[in-house]
Each structure stands twice: as structure tokens, then as C-alpha cells.
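Visitor: I am new to this structure and would love a close look at a single part of it. Could you pick out the cross-links between cysteines and walk me slowly through them and their surroundings?

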Amino acid sequence: MAVTEFELHSLSGSRELQLFYFAFFTLFYLSTVLGNLLIVLTVIFEPALYTPMYFLLGNLSFIDVCLSSFATPKMIADFLVECKTISFEGCMAQIFFLNVFGGAEMKVLVAMAYDRYVAICRPLHYVTIMSVRKCTSLMAGSWLLGFLHSVSQLVFTVNLPFCGPNKVDSFFCNLPLVIKLACTDTFTVEVLMLSDSGLMAMSSFVLLLVSYTVILVTMRRHSLAGMAKARATLTAHITVVTLFFGPCIFIYAWPFSNLPVDNVLSIFYTVFTPLLNPLIYTLRNKEVISAM
């Protein structure tokens, strides 16, 4: 008999602890959505922020709203019910949106690194290179690559036969854990999935590494004042990249194993990081704070 729904694993604890989780994550989720939307609206309505850097920051905040919303509301609602299930279609939808938003965010981070590279390494040509058309193309390319990556991941999964166990050891449908439940040999699918995800992540990581290396080398030739300002911006970028790629690398290093820390990293990746990103970029940015 084909599986029609999956049972999700939520944070364990007493009824009182479940209610605490409900209140805590509701507050955190609302802060994430409102904080990122505030940045998006500020970038849209403040003419002083009509620059490539803030255009990309606004898009990053929008993606963070989406990334925090594909599974977190479901997790919050599950704290109030005993049976934590999701339909097969809903599970496939979570896999699709996670890979779309995650893939798009990787490429937006690369675009932001490219923007900083041009600003620091080729300042005289910055306005010409980072034109409106270039910024729009970078964003359109980020969403397109995220969409294609997600479709390729979903094709591997949706046609697998699911006829036995249906317990996913996560609060959302994490693709490697869902594949493990298929009633067939999934070795080929696992290899294809890892190859696809690895190519997406490694290409982004290498581009980021090259960009930041070139920037650091260039900074050594600038004045101390210019270096200090560039270092502050670069620190924010590297911090966000570390927070984003760190959990991903750990989770996908052992994708089909079941480690207790995986759930913690999944929550950090999908719940906490979308709020930390705008805070890191804006707390030390006087222009954004003033515009808000």
C-alpha cells in the first residue's frame, strides 16, 4: 500500500515544554518575518538605498522570509497536536521550496560577494558594471538556478515507491531522510542527489572563496581608512556565509545517517539563520538604521 502521509518528528518534551516551544518559536518566527519585511520595505521606499548592495540585501531578506516560512509554521502548529503528520503532496512541496529558496540564497550570497569585489577592486567601474540590468540579471539567475536545482532534486524523489515506514526523523521533510523510507534500493538516487547538491553548494562556495580572497589581497594595498571600512563589510559577509554553509556542510557530509545534532542544525538553518542574516548586515549599517 502506497504511503499517503508522513509522520514528522518534533522536539520532544512534556506538554508544558511543548507549549513553551510553541510560544518561543512563534515569537522567533514573527520576529524573522517582520524584521526581514522591514528591510525589504525600507530598501523599496528609501531612495538613498537605491544601490546594488541594498538591492541585493533586500532580495536576501525576501528569500529569508520564504526560507523561514516553508516549514516553520507547520512545526509551530504541530506543538499543539499529538499527531504530527504531513501529506505526501505537502512533503514533496516542502522539499521543493527548501531547495528553491536554499539554492537561490546560495547564488544571492555569491552575487553579494561579486558586488563587494567590484566595489573594492574596481571602484571606478562600479556604476558601469553593477548596472540595474546586471543586478536584475543576477537575481533572475539566482532564482532560475534555485528552481532548476529543486526540480532536479524532486524528480529523484517523487517517483520513488513509498510503501512501508513513514516516520521522518525531522520536523520537516528533509530530502535525505525521506529517500531512506523508499521501498527500493536508493543508492543511485542518493549518488545523483549528492552530486547535484554538491555541485550547487561547491560551485557557490568556490566562487565565494575566490571573491573574498581577491578582496583581501586588494585591501592590503588600500589606505588604512578604506581598509577598515571594507573589513567591516567583509566581516559581515563572511559571517553570514559561515552561518549559511556551516550547517549545510555538516548535514550533507553524512546525509543518510541519523545523528542527534542534525535536528538542531536543521532548526538553526531554517529558523535562526533567516533572522541572523539581516541583523548582521544592518546592526552596524548606519544608512539602513537611519532609513528605518
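Guide: Here is a walk through the disulfides, followed by the strands and helices around them.

Please keep in mind that this is a predicted model. To set the scene, the protein has 292 residues, and 48% of them are buried. Its secondary structure comes to 11 helices and 3 strands. Starting from the N terminus, the elements run β-α-α-α-β-α-α-α-β-α-α-α-α-α. Among contacts between residues at least 6 apart in sequence, 77% join residues at least 24 apart.

Now to the cross-links themselves. A search of the whole structure finds 2 disulfides. One of them joins C91 to C173, with an S to S distance of 2.1 Å. The link of C91 and C173 is left-handed, with -125 degrees about the S-S bond. C91 sits in helix α4 (residues 88–121), while C173 sits in the loop between β3 (167–168) and α7 (175–179), so this pair ties together parts that are 82 residues apart in sequence. Are these two cysteines buried or exposed? C91 is buried, as its relative accessible area is 0%. C173 also has 0% relative accessibility and counts as buried.

The other disulfide joins C163 to C183, with an S to S distance of 2.3 Å. Here C163 belongs to the loop between α6 (132–158) and β3, and C183 to the loop between α7 and α8 (187–219), so the pair ties together parts that are 20 residues apart in sequence. C163 counts as partly exposed, at 43% relative accessibility. C183 is partly exposed too, with a relative accessible area of 33%.

If you count the bonded cysteines along the chain, the disulfides follow the pattern 1-3, 2-4. You may also come across two further cysteines, C66 and C83. C66 is buried, with a relative accessible area of 15%. C83, in contrast, counts as exposed at 54% relative accessibility.

Let us look next at the strands, since β3 has already come up. Strand β1 (residues 5–8) pairs with strand β2 (residues 85–87) in the antiparallel sense, over 3 bridges. β1 also pairs with β3, this time in the parallel sense and over 2 bridges. A good residue to find is E7, which stands opposite T85 in β2. E7 also stands opposite K167 in β3. In a regular strand the side chains alternate between the two faces of the sheet. β1 shows such an alternation: F6 and L8 point to one face and are buried, whereas E5 and E7 point to the other face and are not buried.

From the strands, we can move to helix α6, the one that comes before the loop of C163. How far apart should the ends of α6 be? With 27 residues at 1.5 Å a residue, α6 should span 39 Å, and its end C-alpha atoms are 38 Å apart, which agrees. Its buried residues include C135, M139, S142, G146 and H149. The buried residues of α6 pack against α2 (52–69), α4, α7 and α8. You have met α4 already as the helix that holds C91.

A few charged pairs round off the tour. Side chains of opposite charge can pair when their charged atoms come close. A search of the whole structure finds 2 salt bridges. In one of them, R116 pairs with D115, the closest N and O atoms being 2.8 Å apart. Both R116 and D115 are buried.

In the other, D78 pairs with K74, and their closest N and O atoms are 3.3 Å apart. D78 and K74 are 4 residues apart in helix α3 (residues 72–78), so about one helical turn separates them. D78 is buried, with a relative accessible area of 5%, whereas K74 counts as partly exposed at 25%.

To return to where we began, the link from C91 to C173 has two buried ends, while the link from C163 to C183 has two partly exposed ones.

Notes:
Residues numbered from 1 in each chain as written. Predicted model: local features only at pLDDT ≥ 70, side-chain atom pairs only at ≥ 80, totals over all residues. Heavy atoms only, no water. Buried < 20%, exposed > 50% of the residue type's maximum accessible area, 1.4 Å probe, protein only. Contact = heavy atoms within 4.5 Å. Disulfide = S-S within 2.5 Å. Expected span 1.5 Å × (residues − 1). Pairing = 2+ DSSP bridges. Salt bridge = Lys/Arg side-chain N within 4 Å of Asp/Glu carboxyl O.
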